[in-house]
Amino acid sequence: MKQRALLLSLLLAGCGEGDRADQIGPNPTIPAPRQPLLASINIARIVGWREGETPKAPAGFRVQALARGLSHPRFVYVLPNGDVLAVESRAPEPGEPVDRPKEPIRGWLEGLASGADPSPGAEPSNRITLIRDANGDGVAEGRTVFLDHLNSPFGVVLVEGDLYVANTDGVVRYPYVTGETRITAPGTPVAPLPGGPYNHHWTKSLTASPDGAKLYATVGSNSNVGENGIEAEHGRAAVWEIDRATGAARVFAGGLRNPNSPRFYPGSNTLWVVANERDEIGPDASPDYLTSIRPGGFYGWPYSYWGRHVDVRVQPQRPDLVKSAIAPDYALGSHVAALGLDFYTAGAFPPPYRGGAFIGEHGSWNRSRPSGYKVVFVPFANGRPSGKAQDFLTGFIDGGQAHGRPVGVAVDRGGALLVADDVGNTVWRVSWGG
């Protein structure tokens, strides 16, 4: 009963929150931080998709389930022959230490939102499934287990016949032959990544430089704002650069609390990521964002957010680092949990979508009114964001219940958008019907 009473107070603590249109774009409004005794916690309960239900896309688009019955698909990657890799993954053990009164309740709520039981017939996670749709009609002819017995994988990239997989503790290389449906060769470790002994933000995304010489991996922080001690953050909250030939690795940019889905803007050497900002200072104080990454740049975490807005909870303070903190390029709204990013370079969608960014927003927990739970589109011009983010794929949440939670996004060989639906256990395909 005491836990239920505490839960009720948590849920009511942020009542009255609403979406902030002025928090979308390059110059968001940043309100003063609020530190209530108990922060808002509201995670939509997962109910799944019934037969015939799909997310909703704008008029003229068609939404199909390319694959159902997966187990927590987090990321999608399209191979050159059109085969689709769906990365199915669960969080590693052990989790973060439980040392604050709110943690048991937060963990219970997150369990409700995790879709702990996969779809009927689904296989265990921590593997990669290959989905084949040879004629590109959105109906898969078959799927196979491509790689299994992985360690909480997330990012995947193919470079010159080598498939690189970012597990939670490092990057591994596998030989790939075009058209094969399963890899049986053992993987070769390329570079370790910070991953233990506990692993707060465990997903590790991955991409390759345009010339294929370097890999770029994202590593999230090991806490909200350093409450586990700064020594637990060594090498974390950063984008790593890995030399593909030697495995030599270094921090490419830091101060990014939870960066994901690194992508080079097409035709350039400019790297972009989406990132999740900090919690528990109010519903709108620290927007998640999309930003380009400067080599050697520092983006504030944990000492400041959105440039030089100081977080007084972090001790000791580091004014020297705050002075150098770079403000992100584009705010997406607070607590949307942006995890997926891909630029649209195909010609199948109407011209307004070409060259822009699709972003998968997994959805909030630290707001009384949910935010995220959708895929948005950010238009670009001349390699920069050029307008307001637009809802593109919605319907994941309804009345406090979630059918699914989008994560990774990718453009397939036919120009359709693929979306990994984590707890809906589906890969969705959105195509243009005209």
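## Strand β23 and its two faces

In β23 both faces are covered, since A357, I359 and E361 on one side and F358 and G360 on the other are all buried, where buried means under 20% relative accessible area, exposed over 50% and partly exposed in between, with a 1.4 Å probe and protein chains only. The strand, residues 357-361, is mostly covered, with five of its five residues buried; strands here are DSSP runs of E of at least two residues, numbered from the N terminus.

## Basis of the description

The model is predicted, and local features need pLDDT of at least 70, side-chain atom pairs count only at pLDDT 80 or more, and totals for chains, interfaces and linings use all residues. Residues are numbered from 1 along each chain as its sequence is written, and side-chain values use heavy atoms, with hydrogens and water left out.

## Partners of β23

Strand β22 (residues 338-343) runs antiparallel to β23 and is joined to it by five bridges, two strands being counted as paired if DSSP finds at least two bridges between them. Within this pairing, A338 has E361 of β23 as its bridge partner.

Five bridges also join β23 to the antiparallel strand β24 (residues 374-378), and there G360 stands opposite V375 of β24.

## The sheet β8-β9-β10-β11

An open sheet is formed by four strands in the order β8-β9-β10-β11, with antiparallel pairing. Its edge strands, each pairing on one side only, are β8 (155-159) and β11 (188-192).

Four bridges connect β10 (residues 170-175) with β11 in the antiparallel sense, and the bridge partner of G170 in β11 is P192.
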